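Me: I am new to this structure and would like a short tour. Please show it to me before we start.

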Amino acid sequence: MSHITLIRHGQANSSATDEASYDKLSPLGHQQSAWLGAHLRDGQQHHTRLYTGTLTRHIETATAMNTRLKPTQDSRLNELEYLTLAKALEDEQGIPFPTDQTAFTSHLPRLFTAWQNDEIEGAPESFASFETRISAVLQDIAAGEGPALVVTSGGLISCIMRQVLRLDINAMAQLALAIYNTSQHRLFPIGGQLSPTMFNAIPHLEDPSRHFAQTHV
């Protein structure tokens, strides 16, 4: 079993109201990704494999990182469709679509709870299916040879942490809200299981001149 470093994609189009419009990096997202790649190279961090989801923001992040590793794309690493779920929740239950960061912070736990309880009929996939595909792809990557980099999304990373730490759905939502763009999260095999040894690390953005680039959305 090999250790895995999960990376959230760079800042995407945070003003979007649908999945397709959201799925591209902003200029800052490209810069965050390039800084992360330079940090990994300068630190001579050793990875032999690179995985991404099939979403544009995942692929653009990996490209800007310039790891020189050939990426393996796997749709099981794709993010939950938050914007689709939020619109369905509004249509079905009258819960308003969030229009600012404050509203989003309170909306996400509510949406995750409704999704987990199968209370959103228009969900593109069930929460159980989301968890199952994440568990399966994580097992497949862990079974490979050598340390792996995995470029994915915040919701998926928070769900992985939920699985390995046995967290409830509200804790998963709180983790998702906290995850920085281009942050690193490491899972290390201990006693035959993957255990978190790093969460939300952004050393490439810690210099005061880069604090403006410490974004969550």
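Reply: What follows is a set of short questions and answers on a helix, some salt bridges and two pockets.

Me: What kind of model is this, and how is it numbered?

Reply: This is a predicted model, where local features need pLDDT of at least 70, side-chain atom pairs count only at pLDDT 80 or more, and totals for chains, interfaces and linings use all residues. Side-chain values use heavy atoms, with hydrogens and water left out, and residues are numbered from 1 along each chain as its sequence is written.

Me: How far apart are the end C-alpha atoms of helix 7, and what span is expected?

Reply: Helices (H or I, at least four residues) and strands (E, at least two) are DSSP runs, numbered from the N terminus. The expected span of a helix is 1.5 Å times one less than its number of residues. Helix 7 covers residues 154-165, twelve in number, so it should span 16 Å. The distance between its end C-alpha atoms agrees: 16 Å.

Me: How many residues of helix 7 are buried?

Reply: Buried means under 20% relative accessible area, exposed over 50%, and partly exposed in between (1.4 Å probe, protein chains only). Among the buried residues of helix 7 are G154, I157 and R162. Helix 7 is largely enclosed by the rest of the structure, because the buried residues number ten of the twelve.

Me: Which residue follows helix 7?

Reply: Its phi is positive, near 55°. The residue is R166.

Me: How many salt bridges does the structure hold?

Reply: A salt bridge is a side-chain nitrogen of Lys or Arg within 4 Å of a carboxyl oxygen of Asp or Glu. By that rule, the count is five.

Me: Which residue does D23 meet in a salt bridge?

Reply: The N to O distance is 2.9 Å. D23 lies in the loop between helix 1 (19-22) and helix 2 (27-42) and its partner in helix 3 (residues 56-65), so the pair ties together parts that are 34 residues apart in sequence. Both D23 and its partner are buried. The partner is R57.

Me: Which residue of helix 6 pairs with R162?

Reply: The side chains meet in a salt bridge at 2.7 Å, N to O. R162 is buried at 13% relative accessible area, and its partner is buried at 18%. The two sit 31 residues apart, and the one in helix 6 is E131.

Me: Which residues are linked in a network of salt bridges?

Reply: D140 forms a salt bridge with R76, with the closest N and O atoms 3.0 Å apart. D140 is partly exposed at 45% relative accessible area, and R76 is partly exposed at 25%. The network consists of D74, R76 and D140.

Me: What is the volume of the largest pocket?

Reply: On a 1 Å grid over the protein atoms alone, a pocket is an open set of points where a 1.4 Å probe fits, with protein on both sides within 12 Å along at least five of seven lines; lining residues have an atom within 4 Å of a point. Here 28 residues line the pocket, and Y22, Y82, L83, F104 and V217 lie nearest its centre. Grid points are joined across faces, edges and corners, and a volume is the space filled by probe spheres set on the points. For the largest pocket that is about 640 Å³.

Me: Which element gives the largest share of the lining of the second largest pocket?

Reply: This pocket has a volume of about 270 Å³. Its lining includes M1, S135, Q163 and R166. The largest share is four residues, from helix 6.
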